[in-house]
Amino acid sequence: MNFTENSKPLLLLHKEMTPPTIEGAFDLMLTPQFYTLKKESLLLNSRRQAQKLAPSILENLLDKEIKYTYFAYKDGEDWIFIAYDPQEIGVFLDTLHLRSQQVSKVFFAQQIVSKLDNPVALSDNESLVNLKNTATILPRSLLPKEQEYQAFDESFRIKGGIPFESSNLSIIPKKEARIVGAIALLFALMFFAEGMRYHKTGTKIENLLTQKLQQNPTLESQYARENIEQKYQKIDREERQKREVLKKLSKLILLQVQLKGLLLEQNHFVMTLESLDEKTSKRILSLAKEQQIQATQNKTEIKIEGSL
């Protein structure tokens, strides 16, 4: 296999391979050993719709204990739905002395099935073939002895590819990283603004107390001072409570969730989120319930509100 012609070599991942020598980033072409596939003839308008349906389409074929990543694309009149486990891939890469952080993009053997009419030899025992228009691994013993094989190289590279995603492996796609960063920045600014308000409130209380004491020496009495302190301590408690609410709300903003609005008033707060993923929506509702915050869902919109 030649890995020198492309700045990001394309590696065909299969379970009988020998450890390659690769430094830096590379792309992966997964064989069927590392993904689950299903074809469906569905009237869908976009790949985005197909992506949303993928978990339910593949549900009966997958292990419910594993967190899969999904991919879907149109192939003629059919839609191809694929699920793979980034954690499994990361573990296997470790056995090849490769790091999952080196992986740039992922492709699937099914995407090059038209090129597999002439099988690819994976090892002395296995081959990658086109079997009824599906990329399949077969023992070489099942193929004719005179069968000719082709080597896998950069000529199998196709356009596109998807980022290698896995929260378990601490790999966050650039798009999601920007979303998370923007959310983190938003809450950092909120905390900073609340901190400045708290500081100004504290300074204002001290100045008022000093001014009152200068104007009215009788206020030096403990009873008078306590009355004034109690008045402004209420303001202090309100500011502290707002910051605590912001901390709780920040925990409800997960990946693939859009913050649509946040209103923080003196006695009430409302936050609106949008989640296109039903699993994520349920997770948000569960987290809100754990923190004893009222949350309601209307289609993809989740409204979170409460009193201060």
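Contact here means heavy atoms within 4.5 Å of each other. With that in hand, let's start at Leu28 in this predicted model. Setting aside neighbours within four places in sequence, Leu28 is in contact with Leu10, Leu11, Leu13, Ile89, Leu93, Val103, Lys105, Val106 and Phe107.

**The cores**

Leu28 also turns up among the residues that touch the most other members of the largest nonpolar core, a set of 38 residues. The others in that group are Leu13, Leu30, Ile89, Leu93, Phe108 and Leu128. As for where this core comes from, the elements giving it two or more residues are β1 (10-13), β2, β4 (69-75), β5 (78-84), α2 (86-95), β6 (103-108) and β9. A second core, separate from that one, has 15 residues, including Leu252, Met271, Ile284 and Leu287. As general background, nonpolar side chains tend to be buried together in soluble globular proteins.

**Helix α2**

Which residues of α2 are buried? They are Pro86, Ile89, Gly90, Phe92 and Leu93. These residues span an arc of only 165° around the axis, so they sit on the same side of α2. Among the elements covering them are β1, β2, β4, β5 and β6.

The two ends of the helix have a detail each. At the start of α2, a side-chain oxygen of Asp85 comes to within 3.0 Å of the backbone nitrogen of Gln87. Just after α2, His97 has a positive phi of about 65°.

**Aromatic pairs**

Searching the whole structure turns up six aromatic pairs. One of them is Phe34 with Phe92, a tilted pair with 5.2 Å centre to centre and 50° between the planes. Phe34 is in the loop between β2 and β3 (36-40) while Phe92 belongs to helix α2, so this pair ties together parts that are 58 residues apart in sequence. Both Phe34 and Phe92 are buried.

Next door in sequence to Phe34 comes Tyr35, which pairs with Phe108: the ring centres are 5.5 Å apart and the planes are at 90°, so this pair is edge-to-face. Tyr35 is in the loop between β2 and β3 and Phe108 is in strand β6, so here the parts tied together are 73 residues apart in sequence. Tyr35 is buried, at 8% relative accessible area, and Phe108 is buried at 0%. Phe108 is one of the well-connected members of the largest core, too. Ring pairs also draw Tyr35 and Phe108 into a cluster with Phe71, Tyr73 and Tyr84.

**Salt bridges**

The whole structure holds five salt bridges. Here are some of them:

| Pair | Closest N and O atoms |
|---|---|
| Asp27 and Arg157 | 2.8 Å |
| Arg157 and Glu154 | 2.8 Å |
| Lys260 and Glu301 | 3.3 Å |

What does the salt bridge between Lys260 and Glu301 tie together? Lys260 is in strand β11 (residues 257-264) and Glu301 is in strand β14 (residues 301-307), so the linked parts are 41 residues apart in sequence. Lys260 is partly exposed, at 46% relative accessibility, and Glu301 is partly exposed as well, at 32%.

Elsewhere, salt bridges with shared partners join Asp27, Glu154 and Arg157 into one network. Arg157 forms a salt bridge with Glu154 and another with Asp27. Asp27 is in strand β2 (residues 26-30), and Arg157 is in the loop between β9 (134-139) and β10 (162-163), so their pairing ties together parts that are 130 residues apart in sequence. Is each partner buried or partly exposed? Asp27 counts as buried at 4% relative accessibility, whereas Arg157 is partly exposed, with a relative accessible area of 25%. Glu154, at 19%, counts as buried, because the cut-off for buried is under 20%.

**Around Ser275**

The last stop is Ser275, found in strand β12 (residues 268-275). Ser275 is buried, with a relative accessible area of 2%. The side chain of Ser275 reaches the backbone oxygen of Asp277 at 3.0 Å. That side chain also makes a polar contact of 3.2 Å with the side chain of Ser281. From Ser275 to Leu259, the C-alpha to C-alpha distance is 9.1 Å, with their positions 16 residues apart in sequence.

Note on methods
Residues are numbered from 1 along each chain as its sequence is written. This is a predicted model: local features need pLDDT of at least 70, side-chain atom pairs count only at pLDDT 80 or more; totals for chains, interfaces and linings use all residues. Side-chain values use heavy atoms; hydrogens and water are left out. A salt bridge is a side-chain nitrogen of Lys or Arg within 4 Å of a carboxyl oxygen of Asp or Glu. Helices (H or I, at least four residues) and strands (E, at least two) are DSSP runs, numbered from the N terminus. Buried means under 20% relative accessible area, exposed over 50%, partly exposed in between (1.4 Å probe, protein chains only). A nonpolar core is a set of buried Ala, Val, Leu, Ile, Met, Phe, Trp, Tyr and Cys residues joined through side-chain atoms within 4.5 Å. The arc is that of the directions from the helix axis to the C-beta atoms. A polar contact is a pair of N or O atoms within 3.5 Å; within protein, one must be able to donate a hydrogen and the other to accept it, and residues adjacent in sequence count only if both atoms are side-chain atoms. Rings of Phe, Tyr and Trp (its six-membered ring) pair if their centres lie within 6.5 Å; planes under 30 degrees apart count as stacked, over 60 as edge-to-face and the rest as tilted.
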